[in-house]
Amino acid sequence: MELERMLRSQGFGSRAECRALVCAGRVSINGRVCTDASLAFEPEGLRFVVDGVEWCYCRFAYLALHKPAGYECSRHPGHHPSVYSLLPWQLVARGVQAVGRLDQDTTGLLLFTDDGPFIHHCTSPRKQVPKVYEVTTRESVDDAQVDALLNGVVLHGEAQSLSAAACSRLDDRRLRLTVTLGKYHLVKRMVAAAGNSVEGLHRVAIGGLLLPASLSPGQWVWLGSGELRCLTDRG
Ligand code: URA
């Protein structure tokens, strides 16, 4: 693939912008500055450096972000900064999207990709990919509330009951709750329907993929094939 086309596919701008980047001597490959934008490379696994930052070509980008509180999952947020402002602009430019949404006050694991079928796999109700949350409640959690969440609660304004795929008490005011749907405010509404309310919500896992302990709020990492398998195998 020609260098300028490769850079374009990775979000570095229009073909003309990518060509200008190369001609200005800002791109190196294998430790050498490359000023010929029409030079062809095998893209798979290609490592390249732009303005001192190393990148690896990827046909699709897969990332995990530790979402901090106070960020909206929209590209055009209303009241808080966007989670997209936490990612390099090249990834936003190539069109990565959040895989589902978290409320602005929810923290934890949020995935991004530009692979449409992957987003569908993770978010489709039919695939039942589990999402695991640690929930801090306002009142003490009792057995009746855990039982209600496991056996089914009727959400305000809905007819059918919904149940958690798993629910256990972590301590007096904390639950670990697993759901397989992706409805608006789902966990908050389920906990409210069980007779308590949510004070803090943190997503710790999606499918078999845990939020990496080394990732601080606001940080993100690339996901490799092993991590992606954790997501797709269990769905
Ligand atoms: N359920 C909620 O209520 N909020 C979230 O952010 C995610 C799940």
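From which domains does the shell around the ligand draw at least three residues each? In this predicted model, the contributors at that level are domain 2 (62-125 + 208-232) and domain 3 (131-206). The residues around the ligand are L102, D103, T106, Y133, H185, L186, V187, K188 and L201. By residue class, the shell consists of five nonpolar, two polar and two charged residues. Among the secondary-structure elements, helix α6 (residues 186-193) gives the most to this shell, supplying three residues.

Polar contacts to oxygen atoms of the ligand involve both side-chain and backbone atoms of the protein. On the side-chain part, a polar atom of T106 is placed 2.8 Å from a ligand oxygen atom. Backbone atoms contribute at two neighbouring positions of the chain, H185 and L186. For H185, a backbone N or O atom lies 3.2 Å from an oxygen atom of the ligand; for L186, the corresponding distance from a backbone N or O atom to a ligand oxygen atom is 3.4 Å. On its own, the ligand has 240 Å² of accessible area, of which the protein covers 95%.

With regard to the site itself, the ligand takes up the space of the largest pocket.

Definitions and conventions: Residues are numbered from 1 along each chain as its sequence is written. This is a predicted model: local features need pLDDT of at least 70, side-chain atom pairs count only at pLDDT 80 or more; totals for chains, interfaces and linings use all residues. Side-chain values use heavy atoms; hydrogens and water are left out. A residue is near a molecule or strand if one of its heavy atoms lies within 4 Å of it. A polar contact is a pair of N or O atoms within 3.5 Å; within protein, one must be able to donate a hydrogen and the other to accept it, and residues adjacent in sequence count only if both atoms are side-chain atoms. Accessible areas come from the Shrake-Rupley method with a 1.4 Å probe; for residues, only the protein chains shown count as cover. On a 1 Å grid over the protein atoms alone, a cavity is a set of points where a 1.4 Å probe fits but cannot get out, and a pocket is an open set with protein on both sides within 12 Å along at least five of seven lines; lining residues have an atom within 4 Å of a point. A molecule sits in a cavity or pocket if more than half of its atoms lie within 2 Å of its grid points. Helices (H or I, at least four residues) and strands (E, at least two) are DSSP runs, numbered from the N terminus. Ala, Val, Leu, Ile, Met, Phe, Trp, Tyr, Cys and Pro count as nonpolar, Asp, Glu, Lys and Arg as charged, and the others, Gly among them, as polar. Domain bounds come from an automatic or database domain assignment.
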